[in-house]
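Me: Please take a close look at one part of this structure, namely the way it is packed inside. I would welcome a connected account in which each term is explained where it is used.

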Amino acid sequence: MKTLVYSVLGFEKSFLENAANNKHELTFLELPLQENSAHLAKGFDAVSLFTSDKADEKVLDILHQNGVKYITLRCAGYDHVNIQKAKQLNIKVANVPAYSPYAIAEHAVALLLALNRNILLSQELNKKNDFRLDKLIGFDLHGKTIGIVGTGKIGAKFAKIMHGFGCKLLGYDIYENEELKRETNITYTSLAELSAQSDVISLFCPLNSETKYLFNQSLFSKMKKGVFFINTARGGIVNTVDLMEAIDNKIVAAAGLDVYENEKPIFFSDHSASKIEDDIFDKLRSYPNVLITGHQAFLTNEALQGIANTTCENLSEWEKNTISKNDIH
Ligand code: NAD
């Protein structure tokens, strides 16, 4: 299976080569897949895509014209691929439904703790020889109410960690996770109620037509004053301008964001020699109580090897002319 790996990040190569184990011919390309780079897939059976790639109708047409039959995603989310169009063109698409849910859940906890305990400010002050404590007061997570939106693989791991902290858990999901209820006493409720009751809200649902801008002015206005807001899911679930208004109005006391709705042209590359042309992003990162990481929640050795292994397993299954168990229908 000749595969062109788009948007490859330097550190990914060894994990992918290890997983391919000489059984798959992988060609690495740092360029993202978009209209002007889709023709490069000519002569390849498959392409492998990351979240920074875009496989919309036009791009899929070009891939199809160039003979591509398979798309193996190096991520769980597939909101950046037009699945309907791929189906029409008979291009199979498979994702990595699970790699290490711990990686993302633990990163959400890292954002929460760093914000609550003012870790970055403490470091900044220490470097200036300022060891006063007055600006560094946090709160115990023990006994606080944590609202978890999306209690699938990652949300459930986050719930268990927060249960270990001694928190009370509220959940919102279109399906209730019965095992999680037994293990953590999580109480499912409406999104409005979760918003009104939670001291911390963390998102773990997918981005789709139902969740686009699910977090908007109307929902932020229902939240408890002083809520900590964490998003490691997808940027488009949150209206960023409305989030900043909620921060200005002191409804949201702090936000930890690993994703941003217009992250594609910004994240995963070095812009240190240029200006980022995004006023909303510039304003967002100017807040001292907003902590942004550039879509790195998945970035652990275990997750990277898991992603690489499943990416190659998907190719192997297609090669055997069977459907891959991870095919997206
Ligand atoms: P999952 O499919 O296991 O869980 C998602 C949960 O969301 C499910 O329980 C589902 O029922 C629920 N859900 C679906 N629609 C919903 C809606 N309208 N309202 C409320 N809940 C809804 O997925 P997962 O593996 O746990 O991934 C969760 C999120 O994390 C996804 O958005 C994924 O894109 C994101 N993610 C981010 C990173 C990162 O590095 N930041 C890495 C991997 C995944």
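Reply: Helices (H or I, at least four residues) and strands (E, at least two) are DSSP runs, numbered from the N terminus. The model is predicted, so local features need pLDDT of at least 70 and side-chain atom pairs count only at pLDDT 80 or more, while totals for chains, interfaces and linings use all residues. Residues are numbered from 1 along each chain as its sequence is written, and side-chain values use heavy atoms, with hydrogens and water left out.

A suitable starting point is A308, which is found in helix α12, residues 301–319. A308 has a relative accessible area of 1% and is therefore buried (buried is under 20% relative accessible area, exposed over 50%, partly exposed in between, with a 1.4 Å probe and protein chains only). Apart from neighbours within four places in sequence, A308 is in contact with F15, L16 and A19 (contact means heavy atoms within 4.5 Å). By contrast with these contacts, A308 and N185 are 35 Å apart in space, C-alpha to C-alpha, and 123 residues apart in sequence.

N185 itself lies in the loop between α7 (178–184) and β8 (187–188). Its relative accessible area is 59%, so N185 counts as exposed. The phi of N185 is near 60°, a positive value in a residue other than glycine. A positive phi is also found at N22, where the angle is near 65°, and N22 is likewise a residue other than glycine. N22 belongs to the loop between α1 (12–20) and β2 (25–28), and N22 is exposed because its relative accessible area is 78%.

We may now turn to pairs of helices. Helix α4 (residues 101–116) packs with helix α6 (residues 153–164) at an angle of about 50°, and their axes are 8 Å apart (axes are lines fitted to C-alpha atoms, for helices over the stretch in contact, and angles run from 0 to 180 degrees between N-to-C directions). The pair α4 and α6 is therefore oblique. On the α4 side the contact is made by P101, Y102, I104, A105, E106, A108, V109 and L112; on the α6 side it is made by K153, I154, K157, F158, I161 and M162.

Another pair consists of helix α10 (residues 240–248) and helix α11 (residues 279–286), which pack at about 30° with axes 11 Å apart. This makes α10 and α11 roughly parallel (under 35 degrees is roughly parallel, over 145 roughly antiparallel, 65 to 115 roughly perpendicular and the rest oblique). From α10, the residues T240, V241, L243, M244 and D248 meet I280, K283 and L284 of α11.

Helix α10 also contains A246. With 2% relative accessibility, A246 is therefore buried. Leaving aside neighbours within four places in sequence, A246 is in contact with F220, I251 and V252. A246 and Q305 are 59 residues apart along the chain, and their C-alpha atoms are separated by 39 Å.

The contact with F220 leads to the aromatic rings. Ten aromatic pairs are found in a search of the whole structure (rings of Phe, Tyr and Trp, its six-membered ring, pair if their centres lie within 6.5 Å; planes under 30 degrees apart are stacked, over 60 edge-to-face and the rest tilted). The rings of F215 and F229 have centres 5.5 Å apart and planes at 55°, so this pair is tilted. The pair joins distant parts of the chain: F215 is in the loop between β9 (200–203) and α9 (217–220), and F229, 14 residues apart from it, is in strand β10 (residues 227–231). F215, at 0% relative accessibility, counts as buried, and F229 is buried at 0% as well. F229 also forms a pair with F220, which is edge-to-face, 5.4 Å centre to centre with 70° between the planes. Both F220 and F229 are buried. Elsewhere, ring pairs link F50, F268 and F298 into a cluster.

F215 appears again around V149, a residue of strand β6, residues 145–149. V149 is buried because its relative accessible area is 1%. Not counting residues up to four places away in sequence, V149 touches Y172, L191, L194, I201, S202, L203, F204, C205 and F215. Of these, L191 is 42 residues from V149 along the chain, yet the two C-alpha atoms are separated by 7.9 Å.
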